[in-house]
Amino acid sequence: MSNRDTADRKKMARDWVNLTLRGLAGVNTDCPEGDMGYFLVNSPIQNPDDAWPVILEVIRICRSDFYSKGNSEIGDKVISVLGAGPLEDVVVHHGDRFIDRIIDSAKSDALFLRALKSVWTDGVPDQVFSRISHVTGTY
């Protein structure tokens, strides 16, 4: 990944977190020009390979900006929205292709596991659901 790609990924993730925080606060979620907050709205369905590293970056941001600073309540809300939104879209629409990455991330990262537990499983293919439920402990 080039430096530009890395910078864009970080900006997309940061802008999505800010968009989510505005939404949680009931504030206008219109994005100013140049804001990339809506990247994770459609991208997980249309371009999951581009969305995946941004999803992981959102988790990194939550860890550094909320959990490490003692603000787990806000972190939990953002992680839940990530799970029930972009991550769910990847699981439902591309879970068969991403399942190994999903399981590996859930086993190695407690925040990713927390996000995964927020995924609604309606529409998840049976073989994907089986593997996810095994790692999340939900059935």
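Let me begin with how helix 3 passes helix 4, which is in a left-handed crossing, and let me say at once that what we are looking at is a predicted model. Two packed helices are described by the angle between their axes and the distance between the axes. For helix 3, residues 48-65, and helix 4, residues 72-108, the angle is about 130° and the axes lie 10 Å apart. That makes helix 3 oblique to helix 4, since an angle of this kind falls outside the ranges that count as roughly parallel, antiparallel or perpendicular.

Which residues of helix 3 meet helix 4? On the helix 3 side they are Pro 48, Asp 49, Trp 52, Ile 55, Leu 56, Val 58, Ile 59 and Cys 62, and on the helix 4 side the list includes Val 78, Leu 82, Pro 86, Val 90, His 94, Arg 101, Ile 102 and Ser 105. Sorted by class, the residues in the contact of helix 3 with helix 4 are 15 nonpolar, 2 polar and 3 charged.

Two of the residues I have just named, Arg 101 and Asp 49, deserve a further word. Side chains of opposite charge can pair when their charged atoms come close. Here the side chains of Arg 101 and Asp 49 meet in a salt bridge, at 3.7 Å from N to O. This pair links distant parts of the chain, with Arg 101 in helix 4 and Asp 49 in helix 3, 52 residues apart. Arg 101 is partly exposed, because its relative accessible area is 34%, and Asp 49, at 42%, is partly exposed as well.

Another member of the contact is Ser 105, which is placed in helix 4. Is Ser 105 buried or exposed? Its relative accessibility is 14%, so Ser 105 counts as buried. If we set aside residues up to four places away in sequence, Ser 105 touches Trp 52, Leu 56 and Phe 112, and of these Trp 52 and Leu 56 are among the helix 3 residues that meet helix 4.

Let me turn now to the other partner of helix 4 that I want to show, which is helix 2, residues 39-46. The axes of helix 2 and helix 4 come within 8 Å and cross at roughly 15°, and that makes helix 2 roughly parallel to helix 4. The crossing in this case is right-handed, whereas helix 3 passes helix 4 in a left-handed one. From helix 2, the residues Leu 40, Val 41, Pro 44 and Ile 45 meet Leu 82, Pro 86, Asp 89, Val 90, His 93 and His 94 in helix 4. By class, the contact of helix 2 with helix 4 divides into 7 nonpolar residues, 2 polar and 1 charged. If you compare the two lists, you will find that Leu 82, Pro 86, Val 90 and His 94 of helix 4 appear in the contact with helix 3 and also in the contact with helix 2.

Helix 2 also holds Ser 43, which counts as buried because its relative accessibility is 4%. Leaving out neighbours within four places in sequence, Ser 43 is in contact with Pro 48, Asp 50 and Ala 51.

I would like to come back to charged pairs. How many salt bridges does the structure hold? The number is 10, and I will describe some of them. Asp 100 forms one with Arg 131, where the closest N and O atoms are 3.0 Å apart. This pair also links distant parts of the chain, namely helix 4 for Asp 100 and helix 6, residues 126-136, for Arg 131, with the two positions 31 residues apart. Both partners are partly exposed, Asp 100 at 47% relative accessibility and Arg 131 at 37%.

The salt bridge between the side chains of Asp 15 and Lys 11, at 2.7 Å from N to O, lies within helix 1, residues 3-24, where the partners are 4 residues apart, about one turn of the helix. Asp 15 counts as buried, because its relative accessibility is 7%, while Lys 11, at 34%, counts as partly exposed. In addition, Arg 9, Glu 57 and Arg 60 are linked in a network of salt bridges.

Lastly, consider Gly 26, in the loop between helix 1 and helix 2. Gly 26 is exposed, because its relative accessible area is 65%. From Gly 26 to Lys 117 there are 91 residues in sequence and 24 Å in space, taken C-alpha to C-alpha.

Notes:
Residues are numbered from 1 along each chain as its sequence is written. This is a predicted model: local features need pLDDT of at least 70, side-chain atom pairs count only at pLDDT 80 or more; totals for chains, interfaces and linings use all residues. Side-chain values use heavy atoms; hydrogens and water are left out. Axes are lines fitted to C-alpha atoms, for helices over the stretch in contact, and angles run from 0 to 180 degrees between N-to-C directions. Angles under 35 degrees count as roughly parallel, over 145 as roughly antiparallel, 65 to 115 as roughly perpendicular and the rest as oblique. A crossing is left-handed if the near helix is turned anticlockwise from the far one by less than a right angle, and right-handed if clockwise. Contact means heavy atoms within 4.5 Å. Ala, Val, Leu, Ile, Met, Phe, Trp, Tyr, Cys and Pro count as nonpolar, Asp, Glu, Lys and Arg as charged, and the others, Gly among them, as polar. A salt bridge is a side-chain nitrogen of Lys or Arg within 4 Å of a carboxyl oxygen of Asp or Glu. Buried means under 20% relative accessible area, exposed over 50%, partly exposed in between (1.4 Å probe, protein chains only).
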